[in-house]
Every structure is written in structure tokens, then in C-alpha cells.
Amino acid sequence: MMPPRHLRFLALALSLATLAGCGHDPEPVTRPAPRAAETSGARALVSLRSGWGATVTMQRQDSLVLTLPNGARQVQHVGRMARFTMEIGSNNSFTAVLDSLSLQPPSVEAAADARGTRWSGRITGAGRIEGLRISRATPLGDDLTSAVRALVPMVPLGGAPVGTRWKDTLSGSVQVEVFRAQEERVRSWSAGERTDRGGMSVYPVRVREEFEQLGKGSQAGREMTMTAQGSRVGYYYLTADGRVDGAVLQDSVAQFITIPSVKQTIPTMRYSRTTFRYSTSARAERP
């Protein structure tokens, strides 16, 4: 089976460094639950409801910019399209099953190996997915788990008044390509006024994330270190009855890989755009 595209990209970067001179998504440790800002007067509540399901189509496009040892830049474009069946039970259980996956450049074996993977957990009263478990390990499991966590926004189940803001802080161990890293992530949320989107009345929920990663790994027998800083800006669109209608997320990550044995640092930039489309189904009652 061909390795995932991002590992082949990393292998290319390491070979260039040599010529020049020579998953798990975190089970986060969460800090105190967010609190909405104080508001005056009655305002509409934006909420994420229990007891519903959807078929979610995710499309992601990445541009990878690698700075070569001679100062030149190399750009690669990768993409993926996935379809999940997602359910939030009446008891706030959460499940997602990967129904289909296609990769660009193609990797038929990797996509086939990942299909059918199931994630299960629960949504807390603060709206955070916790206790997320994956049914089996696959080469793409870490990346897909990150996508599953992004299927729903963190909106308190009791609702957040329009105009309020809240924060969520996560920390934990993550797998980033070949690196086991410690990650610190801060997410800032806000609930916007009702608006029209494609003929449907929705409430936009804005998210901005900032994160840092520091890790170690090895490739081709060489020890390496990795540091990364990134940000995410995006919007989820919630209906008046608490279902997610769509989402758009944009990421920017600066990553530096250092190979001490050859005293080489490889800078990489990643720009991503991810869209989610939701086709809602009948009420989900299964736990």
C-alpha cells in the first residue's frame, strides 16, 4: 500500500536536505468549561440540539509550500473528499462512520483501508466532543480523527445568546506525520445574528483557533524535531432548531523540521480550506 501523500512529501523534504549538505488525535486535557459573556435583555439562543443525524460531505484542499535548501520554493497541492454518517443521540452520544473517501493524488488502497472506520464519543453540556474512540487503526486515522472532531462546533447544549463569546483550551499528545508532539490549542467562539444562507435562515458561529506543537520523530533512521504554529478561522451555520447546515474552515500552519545530524532546518507552510455540507436525516435515537 502506498504511504499517505503527506509522508511521501516529508520523505521528499528529507532527501532534499540530505543532498544539500550533508494517531492519534488528542484525547484532550480540557481546562474549565467556557462561559458566555454577560448580556442584557432577551436574545435569540444559538444551540446545538440532541437527537439528530446527517450525512456530511467534507472537501479539503491543501497547498504545501516547501522552502528548498537553495532558497527556491516548491508547491504541492493535495486534496480529499470524504462522506461521513454522523449522529448525535438523544442522550448526547456522538458517532461518525466513514462511508467513502477519495484522495488527490489518488491512493486507492489507503482510501479503501479507511472506509468503514467508526468513531464514538459523547458531547458534553459545553458542546465539546469527549471520549472519542476509533474502531481501528489506519494510516489515515489521525488525520481523519481531526476531521471528525471538526464535524460539529462547540456550542453549549443549553444555547448561547446571540452576541456572546466563549473560549475552549485543549492540550494533549498528537501524531503529526511521523512526529509525536505535544499540542496546546486555544479556540475562541462567537454567536452571530441570524442571516440568510442559500435561502435558509441560519445563525453563524465563528471560530478562531491558535495552536502550537513541539515534537520528535524519525525518518530513514534519522532523528528529527518539529515545531509548528498555526491558526484556523471559520464559520459554522446552525439552523434555528439546532442542526448544523454547513461550515467553512481555513487553516494556515508554519512548520519547521530540524535534522540535527546534518544541521538542516526545513521550513514548510500549509494552507488549507475545508468545507462541510450536511444533509440531515430523521431523528437519531440510538445511544
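The following exchange concerns the fold, cores and ring contacts of a predicted model.

Reader: How many helices and strands are there in the chain?

Author: The model is a predicted one. Its chain has 287 residues, of which buried residues make up 48%. Its secondary structure consists of 3 helices and 15 strands.

Reader: What share of the exposed area do carbon and sulfur atoms supply?

Author: The area that the chain exposes is about 13600 Å². Of this area, carbon and sulfur atoms supply 50%.

Reader: Which strand gives the largest share of the largest nonpolar core?

Author: The largest nonpolar core has 47 residues, and those touching the most other members are Phe84, Phe94, Leu101, Leu151, Tyr236 and Phe276. The largest share of this core amounts to 5 residues, and the element that supplies them is strand E5 (residues 93-104).

Reader: With which residues is Leu101 in contact, leaving aside its neighbours within four places in sequence?

Author: Leu101 is one of the residues that touch the most other members of the largest nonpolar core. Once its neighbours within four places in sequence are left aside, its contacts are Arg80, Met81, Ala82, Ala111, Ala114, Arg115, Leu140 and Leu144.

Reader: How many residues does the other core have?

Author: Another core lies apart from the largest one, and its members include Phe179, Val253, Ile257 and Val262. The number of residues in this other core is 16.

Reader: Why does the pair of Trp189 and Tyr236 tie together parts that are apart in sequence?

Author: Trp189 and Tyr236 form a tilted aromatic pair, with 40° between the planes and 6.2 Å centre to centre. Both of these residues are buried. Because Trp189 belongs to strand E10 (residues 179-191) and Tyr236 to strand E13 (residues 222-238), the pair ties together parts whose separation in sequence is 47 residues.

Reader: What is the angle between the planes of Phe276 and Tyr278?

Author: Phe276 and Tyr278 are both buried. They form an aromatic pair at 6.4 Å centre to centre. The pair is tilted, and the angle between its planes is 45°.

Reader: Over the face of which residue does Arg185 lie?

Author: The distance from Arg185 to the ring centre is 4.2 Å. The ring whose face Arg185 lies over is that of Phe211.

Reader: Is Thr274 buried or exposed?

Author: Thr274 lies in strand E15 (residues 264-281). Beyond its neighbours within four places in sequence, Thr274 is in contact with Met58, Gln59, Arg60, Ala247, Val248 and Leu249. Its relative accessibility is 3%, and because buried means under 20%, Thr274 counts as buried.

Note on methods
Residues are numbered from 1 along each chain as its sequence is written. This is a predicted model: local features need pLDDT of at least 70, side-chain atom pairs count only at pLDDT 80 or more; totals for chains, interfaces and linings use all residues. Side-chain values use heavy atoms; hydrogens and water are left out. Rings of Phe, Tyr and Trp (its six-membered ring) pair if their centres lie within 6.5 Å; planes under 30 degrees apart count as stacked, over 60 as edge-to-face and the rest as tilted. Helices (H or I, at least four residues) and strands (E, at least two) are DSSP runs, numbered from the N terminus. Buried means under 20% relative accessible area, exposed over 50%, partly exposed in between (1.4 Å probe, protein chains only). A charge sits over a ring if NZ of Lys or CZ of Arg is within 6 Å of the ring centre and within 35 degrees of the ring normal. Accessible areas come from the Shrake-Rupley method with a 1.4 Å probe; for residues, only the protein chains shown count as cover. Contact means heavy atoms within 4.5 Å. A nonpolar core is a set of buried Ala, Val, Leu, Ile, Met, Phe, Trp, Tyr and Cys residues joined through side-chain atoms within 4.5 Å.
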